[in-house]
Amino acid sequence: MRPKVIVSSGIRTDNPGLFEEELSGIANVFFSTFRRDETPPEEIRDADAMILALELIDEHVLKYFPKLRIIARYGVGYDTVDVEACTRRGIYVTYTPGILSHAVAELTIGLMLCLSRRLIQADNYVRTEWAKPKKPMLPMGMDLYGKTLGIVGLGRIGYEVAVRAKAFNMKIMYNDIERKYEAEKVLEARYADLETLLGGSDFVSIHVPLTSQTRGLIGERELRLMKRTAYVINTSRGPVIDEDALCRALREGWIAGAGLDVFSREPLPLNSPLIGMENVVLAPHVGTYTRETRKAMALMCIENVRSALSGEIPPNLVPEQKGKIFERGRN
Ligand code: GLV
């Protein structure tokens, strides 16, 4: 029997046919999805491999998929996958690091520019006010030049953001669980504890994975440490920031504004207080959503699936599984 590969129909790409084109020589490809609180459809339960968007995977879900050999996350964050449970069952978990960092960094800089130059209001102003005789003034913007960018998490994506911010002549401060000495030299970046970073930055940009340590990392205390003129940008995972505290910060002026691509609940509910706020710029979780990057991510997932199905160790295992020996059927 040919192996079965399930590709999440939640994956947004301009060429879903690519998965079939690339995998049809070795497997049958099905598009499907499931929710943790529903029994997965019968026809996908004998899957050998899955390429997933943001479906939640834990013990409860895994018990429906006894043949599964690999979960290939279509993205770099794998907080939706219980890696320990997969490891216990001998299921590889892979992700797509590196190839998407520039895309997320570009969006991050885009959000900073939207905020600093009030581009959303400027667009609206041209459409509705500019040509009127007695028009109000558009509020003045702020230079990025010479300002300090505080990067929380100087990993692959944080680094790419710093490189771009340097080109704008911004000063770089960073916080991370480890010192990045090489980056400090190349970027003239200054390491700081989180409190110092928050108090000294004009922009704070979050680039940490969502883990039990980073959930709620930026809460009321942290937001109150920021300058009243500063902006926070989040293109990582929504729950890293306490969204209720953020809404209060934005409403009560503890900070100047926020650029957000990720939220505690996605899609962001239309009744979220963020929707009505003028000092935020919102995007629908599109950090990697470009034709080139989505294609590169698809090809990386395909390569991982191909390796696993041919009995090899996939090249992009998540760090927790590196060096682990898998013996299927032991559990
Ligand atoms: C996007 O959210 C990703 O995990 O790459």
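Valine 232 has its bridge partner in S11: alanine 258. That pair is a good way into this predicted model. Valine 232 and alanine 258 belong to a parallel pairing, in which strand S10 (residues 231-234) and strand S11 (residues 257-260) are joined by four bridges.

Step back to the sheet around them. Seven strands make an open sheet, and the pairing is parallel. Read across, the order is S8-S7-S6-S9-S10-S11-S12. Which strands lie at the edges? They are strand S8 (190-191) and strand S12 (280-282), and each pairs on one side only. A helix also packs on this sheet: H10 (residues 243-252). Helix H10 touches S10, S11 and S12. The direction of H10 makes about 140° with that of S11.

Follow the chain from S11 towards S12. The loop between these two strands holds proline 267. The peptide bond that leads from glutamate 266 into proline 267 is cis, with omega near -5°. A second backbone detail sits in another loop, between H6 and strand S7 (171-175). Asparagine 169 lies there. Its phi is near 65°, a positive value in a residue other than glycine. Why do these two spots deserve a look? Because most residues other than glycine have a negative phi, and most peptide bonds are trans.

Now turn to the other sheet. Five strands form it, and it too is open, with parallel pairing. The order here is S2-S1-S3-S4-S5. Strand S2 (28-32) and strand S5 (92-94) stand at the edges. Each has a single partner strand, so one side of each is left without a neighbour in the sheet. From one strand to the next, the twist averages 15°.

Inside this sheet, strand S3 (residues 49-52) runs parallel to strand S4 (residues 70-73), and four bridges join them. One residue of S3 to pick out is leucine 52, whose bridge partner in S4 is arginine 73. Helix H11 (residues 291-309) packs on the sheet. Its contacts are with strand S1 (4-8), S3, S4 and S5. The direction of H11 makes about 170° with that of S4.

Next come the charged side chains. Side chains of opposite charge can pair when their charged atoms come close. How many salt bridges does a search of the whole structure find? The total is 23. One salt bridge joins the side chains of aspartate 48 and lysine 67, at 3.8 Å from N to O. This pair links distant parts of the chain, 19 residues apart. Aspartate 48 is in the loop between S2 and S3. Lysine 67 is in the loop between helix H2 (59-62) and S4.

Last, look at a pair of helices. Two packed helices are described by the angle between their axes and the distance between the axes. For helix H4 (residues 101-116) and helix H6 (residues 156-167), the angle is about 50° and the axes are 8 Å apart. H4 and H6 are therefore oblique to each other. The crossing of H4 past H6 is right-handed. On the H4 side, the contact uses Ser101, His102, Val104, Ala105, Glu106, Thr108 and Ile109. On the H6 side, Arg156, Ile157, Glu160, Val161, Arg164 and Ala165 meet them. The residues of this contact divide into six nonpolar, three polar and four charged.

How values were computed. Residues numbered from 1 in each chain as written. Predicted model: local features only at pLDDT ≥ 70, side-chain atom pairs only at ≥ 80, totals over all residues. Heavy atoms only, no water. Axes fitted to C-alpha atoms, helices over the stretch in contact; angles between N-to-C directions. Parallel < 35°, antiparallel > 145°, perpendicular 65-115°, else oblique. Left-handed = near helix turned anticlockwise from the far one by under 90°. Contact = heavy atoms within 4.5 Å. Nonpolar A, V, L, I, M, F, W, Y, C, P; charged D, E, K, R; others polar. Pairing = 2+ DSSP bridges. Salt bridge = Lys/Arg side-chain N within 4 Å of Asp/Glu carboxyl O.
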